[in-house]
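Q: How do I read a ligand site and its surroundings from coordinates alone? Please take me through it feature by feature.

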Amino acid sequence: MKKNDELVLEITDMTDEGLGVGKADGFTYFVKDSIAGDTVLCGVTKLKKSYGYARLIRIIKSSPDRIEPPCPVARQCGGCQLQQLDYGAQLRLKENKVKNALIRIGGFPEEQIESLMEPIMPSVKQLRYRNKAQFPIGRGKDGGLRAGFYAGRTHSIIAQEDCILGAEENRIVLSAILSWMESHDIAPYDELSHKGLIRHVLIRKSRAFSELMVCIVINGRELPNKEELIKTLLDALDKEGSSMLGSLSISSNMKATNVIMGDSFSTIYGTPYIEDEIRLFDEQDSDKSLDIKAEALSEGAVQSVRFRISPLSFYQVNPLQMERLYQKALSYAELRGTETVWDLYCGIGTISLFLAQKAGKVYGVEVVPEAIENAKENAKLNGLGNTEFFVGRAEDVLPSWYEEHKGTGSRGATPDVIVVDPPRKGCDEACLETMVRMQPKRIVYVSCDPATLARDLKYLCQNGYELKRIAPCDMFPQTVHCECAVKLERKILKSKK
Ligand code: SAH
């Protein structure tokens with residue numbers, strides 16, 4: 001075999017990234033857009049010693065799990081890796097991904113993982129579940145203004161104003177912005193020349209209050225014709241949308257970078273935040289809610305918290321699943337009302353405030369200053385004075401706070417529970433090390449990356465903790481990503497005779 005050769009492959013497995021896996025002549029091939037159970041004709045694109053990559057040319061026999069992707073540009077866009085896979089098969093793939101990571105990277109025995117893992121929580125919505133979208137603005141191949149996604153390895157944009165994972169209102173907002181740009185001759189940003197003004201549009205929607213936040217990221221300091229933009233947007237939403245414009249802001253990002261947002265933002269209409277409300281349910285009710293429409297969920301909530309979210313703050317993208325995940329994390333924390341808890345990587349305080357409703361005291365740590373401002377406001381908004389928030393990296397704040405307070409009798413230095421919810425790269429070892437020294441009875445680890453989760457659990461279990469429960473949760477249908485909540489307990493050390 002050599003590059004560009006064609007071959008027929010039976011796809012027998014899939015990688016964690018969603019590539020089909022097939023074997024021929026002792027070689028393993030990875031084939032994008034194919035799924036387990038397919039027989040495909042493919043063309044070799046890259047060959048290594050024992051494996052290679054191939055592109056799908058034609059499906060000869062379809063897998064029973066194969067479905068027609070609901071989005072017409074699914075293959076070109078690449079944002080969804082699993083649209084051609086039936087939802088049940090998506091869930092099995094994710095469960096296996098979590099299991100494999102814990103066994104291979106974490107070094108846990110398979111039987112232990114099998115017995116501790118709860119069934120994955122399916123997403124109530126499999127499309128239109130995202131409350132946040134970020135669209136690049138640029139030009140199409142014909143030079144016309146476009147909002148959508150970059151065509152693979154190029155600087156031109158394929159129009160996709162209505163991503164089917166996102167809110168229907170995105171389309172209304174984007175076409176209003178494009179028509180405003182058109183009529184005022186405002187140029188989109190061009191990655192190559194680093195010229196042009198409008199880079200990205202961030203849109204967030206509050207599920208509870210049907211409010212939209214729009215933030216325009218610009219390669220400049222000022223937005224011309226602001227008043228017309230506001231009017232165009234308000235008119236468009238008034239005419240078509242079911243949501244109100246709650247916040248319109250600009251964020252200046254003049255760096256030649258693929259980071260989307262600038263470091264700060266300024267509000268040009270409405271408030272510098274939008275509000276959302278998260279409601280938690282009894283475990284039994286939350287299971288029932290699977291069959292129920294999203295809106296019916298609010299009845300019977302056992303806990304609710306209202307949140308202010310700024311354009312720079314992290315906020316979970318799938319609100320219905322977020323409720324189920326937090327409910328699980330909270331039940332793993334087993335709070336009775338008097339406990340002292342740390343919530344590391346706390347964002348705007350989402351988990352912290354639910355914890356605070358059931359604990360004596362909660363400390364939160366988060367690196368983004370605007371998110372901590374939101375967290376403090378949110379604590380006030382919900383009357384939760386038993387909280388304290390720190391800006392900084394968890395791996396800096398926790399060790400230095402601990403050094404200063406250990407041995408002083410401060411309960412923060414000997415917490416009952418530590419909750420962590422780090423980004424994909426997981427926890428820094430300095431953070432894990434301090435957590436272990438603080439000896440909480442329980443650690444609840446919320447993770448969006450099974451590989452770094454497995455690595456960190458290995459460390460914690462080598463340092464006095466025991467894995468108790470693992471709950472995968474599908475926050476991101478159609479993609480290969482999988483979220484988990486994990487419960488750990490401190491081993492009771494046998495006293496030396
Ligand atoms: N628990 C929150 C946020 C989780 S996302 C929620 O569920 O909404 C992870 C958060 O960690 C983000 O807000 C990110 O800004 C923050 N973060 C990233 N690196 C960090 C670090 N080293 N120390 C503290 N926070 C960090």
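Q: Which residues come nearest to the ligand?
A: Begin with the shell of neighbours, then pick out its closest members. In this predicted model, 17 residues surround the ligand. Tyr-326, Thr-350, Glu-366, Ala-394 and Asp-421 come nearest.

Q: How does the shell around the ligand divide by residue class?
A: Sort the shell into nonpolar, polar and charged. Here the split is nine nonpolar, four polar and four charged.

Q: Which helices each supply at least two residues of that shell?
A: Map the shell back onto the secondary structure. Helices α8 (350-356) and α10 (394-405) each do so.

Q: Which polar side-chain atoms lie by the ligand, and at what distance?
A: Look for pairs of N or O atoms within 3.5 Å. A polar side-chain atom of Tyr-326 sits 2.3 Å from a ligand oxygen. For Asp-421, a polar side-chain atom is 2.9 Å from a ligand nitrogen.

Q: What does the backbone of Tyr-345 add?
A: Check main-chain atoms as well as side chains. A backbone N or O atom of Tyr-345 lies 3.1 Å from a nitrogen atom of the ligand. As for cover, the ligand on its own has 570 Å² of accessible area, and the protein covers 90% of that.

Q: Now helix packing. At what angle do α4 and α5 pack?
A: Read angle and axis distance together, then handedness. Helix α4 (residues 169-184) and helix α5 (residues 226-240) pack at about 145 degrees, their axes 9 Å apart. The crossing of α4 past α5 is right-handed.

Q: Which residues make that contact?
A: List both sides. From α4 they include Ile-172, Ala-176 and Trp-180. From α5, Leu-229, Leu-233 and Leu-237 are among them. By class, the contact of α4 with α5 has nine nonpolar, three polar and three charged residues.

Q: How do α2 and α12 cross?
A: Use the same reading. The axes of α2 (residues 87-104) and α12 (residues 450-462) come within 8 Å and cross at roughly 35 degrees. This crossing is right-handed. Lys-97, Val-98, Ala-101 and Leu-102 of α2 meet Pro-450, Ala-451, Ala-454 and Leu-457 of α12. The classes are seven nonpolar, no polar and one charged.

Q: Where is Cys-448 placed, and what is it in contact with?
A: Locate the residue first, then look past its sequence neighbours. Cys-448 is in the loop between β19 (442-447) and α12. Beyond neighbours within four places in sequence, Cys-448 contacts Pro-422, Pro-423, Arg-424, Cys-482 and Glu-483.

Notes
Residues numbered from 1 in each chain as written. Predicted model: local features only at pLDDT ≥ 70, side-chain atom pairs only at ≥ 80, totals over all residues. Heavy atoms only, no water. Axes fitted to C-alpha atoms, helices over the stretch in contact; angles between N-to-C directions. Helix = DSSP H or I, 4+ residues; strand = E, 2+ residues; numbered from the N terminus. Left-handed = near helix turned anticlockwise from the far one by under 90°. Contact = heavy atoms within 4.5 Å. Nonpolar A, V, L, I, M, F, W, Y, C, P; charged D, E, K, R; others polar. Near = heavy atom within 4 Å. Polar contact = N/O pair within 3.5 Å; in protein donor to acceptor, adjacent residues only side chain to side chain. Areas by Shrake-Rupley, 256 points an atom, 1.4 Å probe, with all protein chains shown as cover.
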